[in-house]
Amino acid sequence: MTGSPQPGEPADFDIFWKQTMTETRAHPLGLRADPVDCGLSALEAYDVRFRGYGGQPVSGWMILPRERRSRLPCVVH
């Protein structure tokens, strides 16, 4: 292995992401957020599902503190 990777973006980087986002937006989002009993009184949990790239299903849990006073940051794992 010689040298380090070169910084920078490929020449078609912006075109690729513009096309990808346009294709993704062509499908209805189909967002669902169903409450889930996580067994913890300080938290609210939701089973979240939506359509992602190519209309493919994406799912996960959204967990929030039950008491919140403002908008919260988000971590996607």
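The side chains of Asp-34 and Arg-32 meet in a salt bridge, with 2.6 Å from N to O. The structure here is a predicted model, and this pair is a convenient place to enter it. Side chains of opposite charge can pair when their charged atoms come close. Both partners can be reached from outside to some degree: Asp-34 is partly exposed, with a relative accessible area of 28%, and Arg-32 is partly exposed as well, at 48%.

How many salt bridges does the structure hold? The count is four. One of them joins the side chains of Glu-44 and Arg-66, where N and O are 3.9 Å apart. Glu-44 lies in strand β2 and Arg-66 in the segment after β3, so this pair ties together parts that are 22 residues apart in sequence. The two ends sit in unlike surroundings. Glu-44 has a relative accessibility of 17% and counts as buried, because buried means under 20%. Arg-66, at 43%, is partly exposed.

Another salt bridge links Arg-49 with Asp-47, whose closest N and O atoms are 3.1 Å apart. Here, too, the acid is buried and the base is not: Asp-47 has a relative accessible area of 17%, while Arg-49 counts as partly exposed at 41%. Salt bridges can also share partners, and in this way Glu-44, Arg-66 and Arg-68 are joined into one network.

Next to Glu-44 in the numbering comes Ala-45, which is found in strand β2. Is Ala-45 buried or exposed? Its relative accessible area is 4%, so Ala-45 is buried. The residues around it can be listed. Leaving aside neighbours within four places in sequence, Ala-45 is in contact with Asp-34, Pro-35, Val-36, Cys-38, Trp-61, Met-62 and Ile-63. Asp-34 in that list is the residue that meets Arg-32 in the salt bridge described at the start. A contact of this kind is a matter of atoms, and C-alpha distances answer another question. Ala-45 and Val-75, for example, are 30 residues apart in sequence and 14 Å apart in space, C-alpha to C-alpha.

Trp-61, Met-62 and Val-75 appear again when the empty space is considered. Rolling a probe the size of a water molecule over the atoms shows where empty space is left. The largest pocket has about 510 Å³ of space. Its lining is made up of 15 residues, and those nearest the centre are Trp-61, Met-62, Cys-74, Val-75 and Val-76. Two elements give two or more residues to this lining, namely β2 (43-51) and β3 (57-65). The largest share, seven residues, comes from β3.

What classes of residue line the largest pocket? Twelve are nonpolar and three are polar, and there are no charged residues among them. The charged side chains in the salt bridges, such as those of Glu-44 and Arg-66, are therefore not part of this lining, which has no charged residues.

One last kind of side-chain pairing remains, that between aromatic rings. The count comes to one aromatic pair. This pair is formed by Phe-16 and Trp-17, whose ring centres are 5.0 Å apart. The angle between the planes is 80 degrees, so the pair is edge-to-face, a label that applies over 60 degrees. Both residues are partly exposed, Phe-16 with a relative accessible area of 43% and Trp-17 at 41%.

Note on methods. Residues numbered from 1 in each chain as written. Predicted model: local features only at pLDDT ≥ 70, side-chain atom pairs only at ≥ 80, totals over all residues. Heavy atoms only, no water. 1 Å grid on protein atoms, 1.4 Å probe; cavity = no way out; pocket = protein on both sides within 12 Å on 5 of 7 lines; lining within 4 Å. Points joined across faces, edges and corners; volume = space filled by probe spheres on them. Helix = DSSP H or I, 4+ residues; strand = E, 2+ residues; numbered from the N terminus. Buried < 20%, exposed > 50% of the residue type's maximum accessible area, 1.4 Å probe, protein only. Contact = heavy atoms within 4.5 Å. Phe/Tyr/Trp six-rings, centres within 6.5 Å; stacked < 30°, edge-to-face > 60°.
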